[in-house]
Amino acid sequence: MNLLVNFAFSFLATMGFGFLINIPRNALLASGAVGSIGWMTYILIYHLHLGTMLANLSGALIVGLGAAIMARVKKMPMILFNVPGMVPLVPGSQSYKAIYNFAFGRNSIALHYLVQVGMIAGAIAMGFFLAELLTRIFFKTIKLK
C-alpha cells in the first residue's frame, strides 16, 4: 500500500511540476512515469539500506535513462522529461532543515544538513551524467552496426 501511495504521489508531483513549467500536454504522462519510476528506484535502494547517496544516484540514473527513452519515443527534447522527473529526488527536506537551523543559530546542525544537500545534489548530477554517457554509448554502438 505504501509503495502504491509513493508511486501515485511521485507521479502527481512530477506531472504537477511539468504542468507548472509548461511542458507540452502530450509529454505530461510520460514525464510523470519517468519521475515515479525514478522515485520507486530511490525507495527500493533506500529500503535495502544501501545509503541515501546511492539511492539518489540510482534514481537519477533511471530518470535520465527513462528521459532518453521517452525523448526517442515521443520525438521531443530530453529535458522535457529530465527536469520534472528529478523533482521527487530534490533534497527539499534537508534544505529546509539547514535553513531552519541556520535561522535559529544552530550552525553545526545546519552545516550537517547543508553537507547532505550538497552530497545528494552531487549524486543526482552524477546519475544524470552516467545516464547521458550510457545513452550516448548505446546509440553510438547501434549506429555502428
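What percentage of the 145 residues of the chain count as buried? The answer is 37%. Keep that in mind as you load the model, which is a predicted one.

**The whole chain**

Start with a cartoon view of everything. You should find six helices and zero strands, so the order of elements from the N terminus reads α-α-α-α-α-α. Turn the model along its principal axes, and the C-alpha atoms fill a box of roughly 60 × 30 × 30 Å. Now switch on the surface: about 8,800 Å² is exposed, and carbon and sulfur atoms supply 74% of that area. If you like contact maps, look away from the diagonal too. Among contacts with a separation of 6 or more, 61% join residues 24 or more positions apart.

**Stop one: the loop between α1 and α2**

Select Asn22, in the loop that links α1 (2-20) to α2. Asn22 is not a glycine, yet its phi is positive, at about 65 degrees. Its relative accessibility is 63%, over the 50% cut-off, and therefore Asn22 counts as exposed.

**Stop two: Ser31**

Move on into helix α2 and pick Ser31. Is Ser31 buried or exposed? Ser31 is buried, with a relative accessible area of 0%. To see what surrounds Ser31, show Thr14, Ile23, Leu80, Phe81 and Pro84: these are its contacts once neighbours within four places in sequence are left aside.

**Stop three: the loop between α2 and α3**

Next, select His49, which sits in the loop between α2 and α3. Here is another residue that is not a glycine but has a positive phi, this one of about 60 degrees. With 72% relative accessibility, His49 counts as exposed.

**Stop four: helix α3**

Select residues 52-74 to bring up helix α3. Try the distance tool between the C-alpha atoms at its ends: they are 32 Å apart. Why does that agree with expectation? At 1.5 Å a residue, the 23 residues of this helix should span 33 Å.

Colour the helix by burial and several residues will light up, including Ala55, Asn56, Gly59, Ala60, Val63, Gly64, Ala67, Ala68 and Ala71, which are buried. A reminder helps when reading such a list: an α-helix has 3.6 residues a turn, so residues three or four places apart point the same way.

Two residues here deserve a click:

- Ser58 is part of α3. Its relative accessible area is 15%, so it is buried. Leaving aside neighbours within four places in sequence, Ser58 is in contact with Thr41 and Ile45.
- Leu54 also belongs to α3, but at 39% relative accessibility it counts as partly exposed. Draw a line from Leu54 to Ala8: the pair is 46 residues apart in sequence, and the C-alpha atoms are 23 Å apart in space.

Before leaving, step just past the helix to Lys75, where phi is positive at about 55 degrees.

**Last stop: the largest pocket**

Finally, turn on a pocket display. Rolling a probe the size of a water molecule over the atoms shows where empty space is left. The largest pocket holds about 190 Å³ of space. Of its 15 lining residues, Tyr42, Asn56, Pro91, Gln94 and Ile120 are the closest to the centre. Helices α2 (28-47), α3, α5 (92-103) and α6 (107-144) each give two or more residues to the lining. Colour that lining by class and you will see nine nonpolar residues, six polar ones and no charged ones. Asn56 is worth a second look, as one of the buried residues of α3 that also lies among those closest to the pocket centre.

Note on methods: Residues numbered from 1 in each chain as written. Predicted model: local features only at pLDDT ≥ 70, side-chain atom pairs only at ≥ 80, totals over all residues. Heavy atoms only, no water. Helix = DSSP H or I, 4+ residues; strand = E, 2+ residues; numbered from the N terminus. Expected span 1.5 Å × (residues − 1). Buried < 20%, exposed > 50% of the residue type's maximum accessible area, 1.4 Å probe, protein only. Contact = heavy atoms within 4.5 Å. Areas by Shrake-Rupley, 256 points an atom, 1.4 Å probe, with all protein chains shown as cover. 1 Å grid on protein atoms, 1.4 Å probe; cavity = no way out; pocket = protein on both sides within 12 Å on 5 of 7 lines; lining within 4 Å. Points joined across faces, edges and corners; volume = space filled by probe spheres on them. Nonpolar A, V, L, I, M, F, W, Y, C, P; charged D, E, K, R; others polar.
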